[in-house]
Amino acid sequence: MTIKQRLALSSVLLIILPVSAFFVIEISLGYLFFIAPGMDINEENMGQFTTVRFVLFVLSVILINTMLILMLARSIISPLDRLSAATKEMGEGNLDVKVETGGRDEISALAREFDEMRRRLKMEKELNETYEEEKRHMIAGIGHDLRTPVTSMKGYVDGLIDGVAKTPEKREKYLKTIAAKADELDTLIDELSLFSRLDEGRAGLLTENIGLDQLLSHIIDEMKLELEESGIELSFENIAGETIIPADRSKLFRVFVNILNNSIKYRMHEKHSIRVQLSTADDHARVIVSDNGKGIGREALSKVFQPFYREDSSRNKNTGGSGLGLSIVKSIIENHDGYIDIESEPERGTEVTVGLPLSGGIK
Ligand SMILES: Nc1ncnc2c1ncn2[C@@H]1O[C@H](COP(=O)(O)OP(=O)(O)O)[C@@H](O)[C@H]1O
Ligand SMILES: [Mg+2]
């Protein structure tokens with residue numbers, strides 16, 4: 001029953017019950033005073049009867065009203081008390097307090113709203129904690145990845161200064177290693193700066209209508225020759241024809257280079273092959289990059305888009321890389337309103353699917 005209905009009922013009962021009590025008192029007293037003892041009605045016992053009737057009536061009105069008001073108050077105040085206790089707990093930071101939300105009155109509606117608010121706050125708090133955790137993880141990752149090449153460069157430079165590298169060949173080897181480490185550092189700083197700029201979102205994009213088919217052909221032609229020399233087969237199948245999409249050319253270039261570099265880096269067969277396919281589906285251009293490489297374990301698969309995440313085996317194998325590649329890819333794709341999916345089976349291969357909205361739908 002709603003509070004309004006309860007109030008209406010109690011005001012009706014506040015009239016009906018005292019009136020009924022009055023009649024019950026009148027009849028019972030009449031019987032007790034006059035009929036049972038077989039007394040005549042005279043002034044004296046009539047006076048007594050009136051006084052007793054008045055006292056009993058006042059008492060019954062007080063009793064009935066008090067009981068009704070108490071019952072009404074309890075039905076309103078107890079849920080409010082529970083709500084207020086929950087608010088206090090929440091104020092102290094406990095977002096797990098369950099508030100009873102059954103019932104159909106106004107307070108239950110308030111309790112439901114309150115519980116919804118608690119749920120949202122809890123979700124936000126958890127999200128914040130995850131974000132903080134990721135941030136800590138990221139800062140630790142940056143620290144580690146910057147320190148590693150610097151430490152090694154310092155070692156080789158010290159070696160040169162101290163004259164450890166005695167022959168010209170050895171000195172050249174040292175210098176080449178230092179140069180390679182500097183390149184590694186350069187790439188990492190590049191990735192870090194792109195990664196942080198991507199936080200700006202769309203604002204950082206230079207969008208124009210570009211031919212995705214041409215962009216892919218260009219990237220693949222550039223990579224193909226070099227890869228063929230290392231025995232890696234790279235093929236491109238275009239079943240979409242000319243595919244125009246609104247995009248930032250250099251950022252998309254980065255997307256496919258990062259995905260392809262992974263397919264190249266995480267190979268395991270002598271006969272390694274990478275296939276790129278361009279098609280269209282649901283107003284989107286769809287690019288599938290598949291390889292027959294080492295694949296990704298189930299648990300790792302859900303984490304590959306996290307900044308600095310690298311599967312343990314990738315870390316150990318010294319393949320190089322910061323674990324930022326796919327987070328950058330995902331960020332860029334999302335800034336383009338696209339989607340990215342990754343499927344993989346260990347020792348079988350990996351398939352990355354990228355979807356990007358077409359200019360004005362399918363042509
Ligand atoms: N094609 C692939 N085959 C196997 N593993 C992959 C592939 N692409 C990504 N991975 C896994 O996902 C991880 C994250 O990839 P990425 O963000 O590009 O970082 P990085 O290449 O610097 O390690 C890699 O360390 C690797 O374990
Ligand atoms: Mg990578």
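**A walk through cavities, pockets and helices**

Hi everyone, let me start small: the largest cavity here has a volume of about 30 Å³. This is a predicted model, in which local features need pLDDT of at least 70, side-chain atom pairs count only at pLDDT 80 or more, and totals for chains, interfaces and linings use all residues. Residues are numbered from 1 along each chain as its sequence is written, chains are lettered from A and ligands numbered from 1 in the order in which they are written, and side-chain values use heavy atoms, with hydrogens and water left out.

What do I mean by a cavity and a pocket? On a 1 Å grid over the protein atoms alone, a cavity is a set of points where a 1.4 Å probe fits but cannot get out, while a pocket is an open set with protein on both sides within 12 Å along at least five of seven lines; lining residues have an atom within 4 Å of a point. Grid points are joined across faces, edges and corners, and the volume is the space filled by probe spheres set on them.

With that rule, the count is 1 cavity of 30 Å³ or more. Which residues line the largest cavity? They are Leu216, Ile219, Ile220, Phe256, Ile259, Leu260, Val276 and Val289. Two elements, α5 (212-229) and α6, give two or more residues to that lining; helices (H or I, at least four residues) and strands (E, at least two) are DSSP runs numbered from the N terminus. By class, the cavity lining has 8 nonpolar residues, no polar and no charged. Here Ala, Val, Leu, Ile, Met, Phe, Trp, Tyr, Cys and Pro are nonpolar, Asp, Glu, Lys and Arg are charged, and the others, Gly among them, are polar.

Let's stay with α6 for a moment. Its 17 residues should span 24 Å at 1.5 Å a residue, and its end C-alpha atoms are 24 Å apart, so the two agree; the expected span is 1.5 Å times one less than the number of residues. Among the buried residues of α6 (under 20% relative accessible area; over 50% is exposed and in between is partly exposed, with a 1.4 Å probe and protein chains only) are Phe256, Ile259 and Leu260, and these three also line the largest cavity. Lys251, Asn258 and Ser263 are on the buried list of α6 as well.

α6 turns up again in the open space. The largest pocket has a volume of about 1,300 Å³. Of its 44 lining residues, Lys265, Arg310, Gly320, Gly321 and Ser322 lie nearest the centre. α6 (249-265) is one of the elements that supply at least two residues of this lining, along with α3 (106-161), α4 (168-197), α8 (312-316), α9 (325-335) and β7 (349-357). Which element gives the most to the lining of the largest pocket? That is α6, with 9 residues. The lining is a mix of 14 nonpolar, 18 polar and 12 charged residues.

Next comes the second largest pocket, at about 520 Å³. It is lined by 19 residues, and Glu134, Met138, Phe195, Asp199 and Pro307 are the closest to its centre. α3, α4 and α9 are the elements that give two or more residues to this lining. Its classes come out as 8 nonpolar, 6 polar and 5 charged.

Now the domains. The chain is divided into domain 1 (3-92), domain 2 (124-195) and domain 3 (206-357), with bounds from an automatic or database domain assignment. Domains 2 and 3 each give at least three residues to the lining of the largest pocket, and each also gives at least three to that of the second largest pocket. How far apart are the C-alpha centres of domain 1 and domain 2? They lie 86 Å apart.

Let's finish with the UniProt record. Its positions follow the numbering used here, its feature names are shortened, and its annotations may be inferred rather than shown by experiment. The unreviewed entry places "transmembrane region" at residues 12-34 and 54-73. In the model, residues 12-34 are 100% helix, with end C-alpha atoms 33 Å apart, and residues 54-73 are 100% helix, with ends 28 Å apart. UniProt also lists "domain: HAMP" at residues 74-126, a span that is 74% helix and 0% strand. The "coiled-coil region" annotation covers residues 107-134, where the chain is 100% helix and the end C-alpha atoms are 40 Å apart.
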